[in-house]
Amino acid sequence: MLLYVTLGTNDLYRAGHFYDAVLSPLGYRRQRSSEEEIGYAAEGDTRCRFWVVTPFNHRRATSGNGAMVALAAETRADVDAFHAAAIAAGAVDEGEPGLRSYHAHFYTAYVRDLDGNKLSAVCENPR
């Protein structure tokens, strides 16, 4: 359904270091980089699906109240690694890794990035 997602930042250099560390455990790597944006993709994907950008209108980037990006994780260990990497890189904890009530195998963790954007990694596998 979704082609790609963008999140705004006020410091692209700092955000790049954050996302390089945080997305790596989920198998996403920086594939594109310019002065305005950084794009991430899974190995073998033909295009970037996750972008960190400076706002096009040159105004300050802000986080959305009620907005969140959920990233797919293959294993629960990947969710744990995502959360640990995010906290180590300066994220704010919004929910430690664990099962949630959405269904029997919904294992997730929540963080806010350096600009306040809310992220989660989710594993729906029983392992």
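## A walk through two sheets and a pocket

S1 pairs with strand S4 (residues 50-53) in the parallel sense, and four bridges hold this pairing. A good place to look at the pairing in detail is Leu7, whose bridge partner in S4 is Val52. Before going further, please keep in mind that this is a predicted model.

Let's widen the view from this pair to the sheet around it. Four strands make up an open sheet, ordered S1-S4-S3-S2, and the pairing in this sheet is mixed. At its edges are strand S1 (5-8) and strand S2 (28-33), each of which pairs on one side only. Going from one strand to the next, the twist averages 25 degrees. Helix H1 (residues 12-23) packs on this sheet and touches S1, S2, S3 and S4. The direction of H1 makes about 10 degrees with that of S3.

Now move across to the other end of the strand order. S2 and S3 are paired in the antiparallel sense, over five bridges. How many residues lie between S2 and S3 in the hairpin they form? There are three residues between them. To find your way along this pairing, pick out Arg29, which stands opposite Ala41 in S3.

As you follow any of these strands by eye, a general rule helps. In a regular strand, side chains alternate between the two faces of the sheet.

Next comes another sheet. This open sheet also consists of four strands, in the order S5-S8-S7-S6, with mixed pairing. S5 and strand S6 (92-99) are its edge strands, and each pairs on one side only. Here the twist from one strand to the next averages 15 degrees. Helix H2 (residues 76-88) packs on this sheet, in touch with S5, S6, strand S7 (107-112) and S8. Between the direction of H2 and that of S7 the angle is about 15 degrees.

Within this sheet, S5 and strand S8 (residues 118-123) run parallel and are joined by four bridges. Val69 has Leu119 as its bridge partner in S8. Ala70 is also worth finding in your viewer; this residue belongs to strand S5. Leaving aside residues up to four places away in sequence, Ala70 touches Ser120 and Val122. What separates the C-alpha atoms of Ala70 and Ala121 in space? The separation is 5.6 Å, although these two residues are 51 residues apart along the chain.

With the strands in place, turn to the largest pocket. Its volume is about 300 Å³. Of the 16 residues that line this pocket, Val5, Tyr28, Arg49, Phe50 and Leu71 are the closest to its centre. Strand S3 (37-42) and strand S5 (69-72) are the elements that give two or more residues to the lining. Which element provides the largest share of the lining? That is S5, with four residues. As for chemical character, the lining divides into 14 nonpolar residues, no polar ones and two charged ones.

Finally, step back to the whole span. An unreviewed UniProt entry carries the annotation "domain: VOC", which covers residues 1-124. Over residues 1-124, helix accounts for 20% and strand for 35%. The end C-alpha atoms of this span lie 18 Å apart.

Notes: Residues are numbered from 1 along each chain as its sequence is written. This is a predicted model: local features need pLDDT of at least 70, side-chain atom pairs count only at pLDDT 80 or more; totals for chains, interfaces and linings use all residues. Side-chain values use heavy atoms; hydrogens and water are left out. On a 1 Å grid over the protein atoms alone, a cavity is a set of points where a 1.4 Å probe fits but cannot get out, and a pocket is an open set with protein on both sides within 12 Å along at least five of seven lines; lining residues have an atom within 4 Å of a point. Grid points are joined across faces, edges and corners, and a volume is the space filled by probe spheres set on the points. Ala, Val, Leu, Ile, Met, Phe, Trp, Tyr, Cys and Pro count as nonpolar, Asp, Glu, Lys and Arg as charged, and the others, Gly among them, as polar. Two strands pair if DSSP finds at least two bridges between them. Axes are lines fitted to C-alpha atoms, for helices over the stretch in contact, and angles run from 0 to 180 degrees between N-to-C directions. Contact means heavy atoms within 4.5 Å. UniProt positions are given in the numbering used here, feature names are shortened, and annotations may be inferred rather than shown by experiment.
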